[in-house]
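Biologist: Hey, I've just opened this one and I'm new to it. Can you walk me through it?

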Amino acid sequence: MVTLAEVASHAGVSASTVSYVLSGKRSISTTTRQRVEESIRTLGYHPNAGARALASSRSNIIALMIPLRTDMYVPVMMEIAIAVATTARTHGYDVLLLTGEEGPDAVRRVTGSGLADAMLVMDVELEDERLPLLRDTDRPAVLIGLPADASGLTCVDLDFGATGALCVEHLAALGHRDIAVIGEAPGVYERHTGFAERTLEGLRSRARELGLRLLHRPFEGGYDAMALTLSRVFDERPGTTGFVVQNEAAVEPLLALLRQQRRAVPEDVSVVAVCPEQVAVQASVRLTSVAVPAQEMGRHAVEQLVAKLAGRGSDEVVLLPPELTVRASSGPAPERTGP
């Protein structure tokens, strides 16, 4: 077993300096800290968890609050969770996964019991009930998501407002004037979940600015539900030639039903999706899409949290800019034959 003294000798520092790097009790210069961390990795040093917790009054555990709801796309949530866990491990932290829909009670449990040194909070609603407790606690916290009021909080998220605007701009540039949005399940909007609400606001506001007509329909899931949704869209807006999809479960039902109706993609109808890259490239028609950068969001959130634990971080909002990749599902709007 590698000892702390051996790490200190390898890094050319004192044993107490190594201890301070591990515990975060004192501010250590960036150069020295990086040298110690490199020696830890090179030698494969693993401090005794119990002794380290007693010495530092820390558990070296990060609590990740990730309610797994049936109306959310779980693979994206888990991709973020995996990025959080792997990044946290490189900084010497383990991750405690809290998957229940406990709301404020989960925050109280973590802060009151000392289960974890810090918290990462997902599935953030615009008026999230957890926010007052997170603002009041002395334990560092980072939100993967953006509430309506982010004051006194640190948040990391994709800029979903800009994402919605980017989708509209792409379709408008191709000549589409009537756009239908196939959104998340109704419950996601009923909870005012931040990412869905912000995307919708970005879509609507940019459509107004460009003089486009926009129709939004939540989608619960399944081919029958999509058939009904699509029928209502074309009954209400028969001139619809552009679709924006923000619901992974809607992608294949939509593409299949468009084929059944002999509406070619992209010759008759263009489809743009907000989804993981894997969903876009593996769809039956490769989708023009804005990718959800799940791994990047997870990494950024942990880096922000580690900085706060070390006393270097400050409250800020980090919004990752959206990038739209054009593929086979979007093209020029068909010429109008009617008046």
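Biologist: How much space lies in the largest cavity?

Modeller: About 330 Å³. By cavity I mean a set of points, on a 1 Å grid over the protein atoms alone, where a 1.4 Å probe fits but cannot get out. The volume is the space filled by probe spheres set on the points, with grid points joined across faces, edges and corners.

Biologist: And is this a predicted model? How are things counted?

Modeller: It's a predicted model: local features need pLDDT of at least 70, side-chain atom pairs count only at pLDDT 80 or more, and totals for chains, interfaces and linings use all residues. Residues are numbered from 1 along each chain as its sequence is written, and side-chain values use heavy atoms, with hydrogens and water left out.

Biologist: Back to the largest cavity, then. Which residues lie nearest its centre?

Modeller: Met 72, Val 76, Met 77, Phe 160 and Phe 195, out of 22 lining residues; to count as lining, a residue needs an atom within 4 Å of a point. The lining splits into 14 nonpolar, 4 polar and 4 charged. Here Ala, Val, Leu, Ile, Met, Phe, Trp, Tyr, Cys and Pro are nonpolar, Asp, Glu, Lys and Arg charged, and the others, Gly among them, polar.

Biologist: Which helix gives the most to that lining?

Modeller: Helix 5, with 3 residues. Helix 10 (194-210) also supplies at least two. Helices (H or I, at least four residues) and strands (E, at least two) are DSSP runs, numbered from the N terminus.

Biologist: You mentioned Phe 160 and Phe 195. What do they form?

Modeller: A tilted aromatic pair, 5.6 Å centre to centre with 55° between the planes. Rings of Phe, Tyr and Trp (its six-membered ring) pair if their centres lie within 6.5 Å; planes under 30 degrees apart are stacked, over 60 edge-to-face, and the rest tilted. Phe 160 is in helix 8 (residues 160-173) and Phe 195 in helix 10, so the pair ties together parts 35 residues apart in sequence.

Biologist: OK, switching to sheets. What order do the strands with parallel pairing take?

Modeller: That open sheet has 6 strands in the order 2-1-3-4-5-11; two strands pair if DSSP finds at least two bridges between them. Strand 2 (94-98) and strand 11 (317-320) are at the edges with a single partner strand each, so one side of each has no neighbour in the sheet.

Biologist: What packs on it?

Modeller: Helix 5 (residues 74-90) does, touching strand 1 (61-65), strand 2, strand 3 (118-121) and strand 4. Contact means heavy atoms within 4.5 Å. The helix direction makes about 150° with that of strand 2, where axes are lines fitted to C-alpha atoms, for helices over the stretch in contact, and angles run from 0 to 180 degrees between N-to-C directions.

Biologist: And what about the sheet with mixed pairing?

Modeller: It's an open sheet of 6 strands too, ordered 7-6-8-9-10-12. Strand 7 (213-218) and strand 12 (324-325) are its edges, each with a single partner strand, so each has one side without a neighbour in the sheet. Helix 11 (residues 223-236) packs on this sheet, touching strand 6 (178-183), strand 7 and strand 8.

Biologist: Last one: where is the cis peptide bond?

Modeller: Between Val 265 and Pro 266, with omega about 10°. Pro 266 sits in the loop between helix 12 (251-260) and strand 9.

How values were computed: 1 Å grid on protein atoms, 1.4 Å probe; cavity = no way out; pocket = protein on both sides within 12 Å on 5 of 7 lines; lining within 4 Å.
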